[in-house]
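Q: I'd like a close look at one part of this model, please. Take me through that spot, then carry on to whatever else is worth seeing.

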Amino acid sequence: VPTVWALGGGGGRDESPLVIGHRGAAGYLPDHTLEGYELAIKLGADYIEPDLVATKDGHLIARHEPNITSTTDVGSHPEFASRETTRIVDGVAETGFFASDFTLAEIKTLRAVQPLAERPQQFNGRFEIPTLEEVIDLAQRWSKKLDREIGVYPETKHPTYHADLGLPLEERLVKVLKREGWNNRRAPVFIQSFEQSNLKLLDRLTRVRLVQLVDANDVAPDGTIT
């Protein structure tokens, strides 16, 4: 289900909420696939939301977490069985397969799967893992096709974790935006992150709009965050 954020979208629509295809159209198709983002656009999304992690050779791909075990079919590839490992991600030990141990060429041999059992499973194994460049290209093509602005709303996933691996996300992200002509204040781009240091660095690198994410357990009846 698309997420609705009460933020001005630019292009003369500042008074309207934005509809954001969170992870694409994840209730219908596997998370973070071009097909899922395309469906979200067809359903009316103004922006599509890729979570970004880095590959071993420094490419930014759309996956919900650095650990790609539950969102790809990597476990069914015997040639990658030795890549299973345990890493510490933000202080928590995780065992699985991590994007940073694969080149982009290797990632492209994998296919996306639906991580939640209650959601449709018949599309598992059909769709590739997209790069950030491919996501932006999709948004730009559909903007022309529909004659309305489609933007991207990327989230930098675990920036400190990536920096510790020697794969910092910030300059890579800005480099892609520059190449696509989307590194300016009026570009249809919001970059979001839970990490303040990440956003502070991005604020020095780009004029793209930035969003501080806040994590919490719930919202109390009086509106306070618990």
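Where does aspartate 90 lie?

A: Aspartate 90 lies in the loop between strand S6 (85–89) and strand S7 (92–96). (Helices and strands here are DSSP runs, H or I over at least four residues and E over at least two, numbered from the N terminus.) Bear in mind that this is a predicted model: local features need pLDDT of at least 70, side-chain atom pairs count only at pLDDT 80 or more, and totals for chains, interfaces and linings use all residues. Residues are numbered from 1 along each chain as its sequence is written, and side-chain values use heavy atoms, with hydrogens and water left out.

What catches the eye is the backbone. Most residues other than glycine have a negative phi. Aspartate 90 isn't a glycine, yet its phi is positive, at about 50 degrees. With a relative accessible area of 46%, aspartate 90 counts as partly exposed (buried is under 20%, exposed over 50%, partly exposed in between, using a 1.4 Å probe and protein chains only).

Histidine 32 does the backbone trick too: it has a positive phi of about 50 degrees and is no glycine either. You'll find histidine 32 in the loop between strand S2 (18–22) and helix H1 (34–42). Histidine 32 is buried, though, with a relative accessible area of 0%.

Back to S6, where arginine 87 sits over the face of phenylalanine 98, at 5.8 Å from the ring centre. Arginine 83 likewise lies over the face of phenylalanine 102, at 5.0 Å from the ring centre. (To count, NZ of Lys or CZ of Arg must be within 6 Å of the ring centre and within 35 degrees of the ring normal.)

Rings also meet rings: searching the whole structure turns up five aromatic pairs. (Rings of Phe, Tyr and Trp, the last by its six-membered ring, pair if their centres lie within 6.5 Å; planes under 30 degrees apart are stacked, over 60 edge-to-face, and the rest tilted.) One is tyrosine 47 with tyrosine 153: centres 6.0 Å apart and planes at 75 degrees, so edge-to-face. That pair links distant parts of the chain, 106 residues apart, with tyrosine 47 in strand S3 (residues 47–49) and tyrosine 153 in the loop between strand S8 (151–152) and strand S9 (155–156). Both tyrosine 47 and tyrosine 153 are buried. Phenylalanine 123 and phenylalanine 127 make a stacked pair, because their planes are at 20 degrees, with centres 6.3 Å apart. Ring pairs also join Tyr47, Tyr153 and Phe190 into a cluster.
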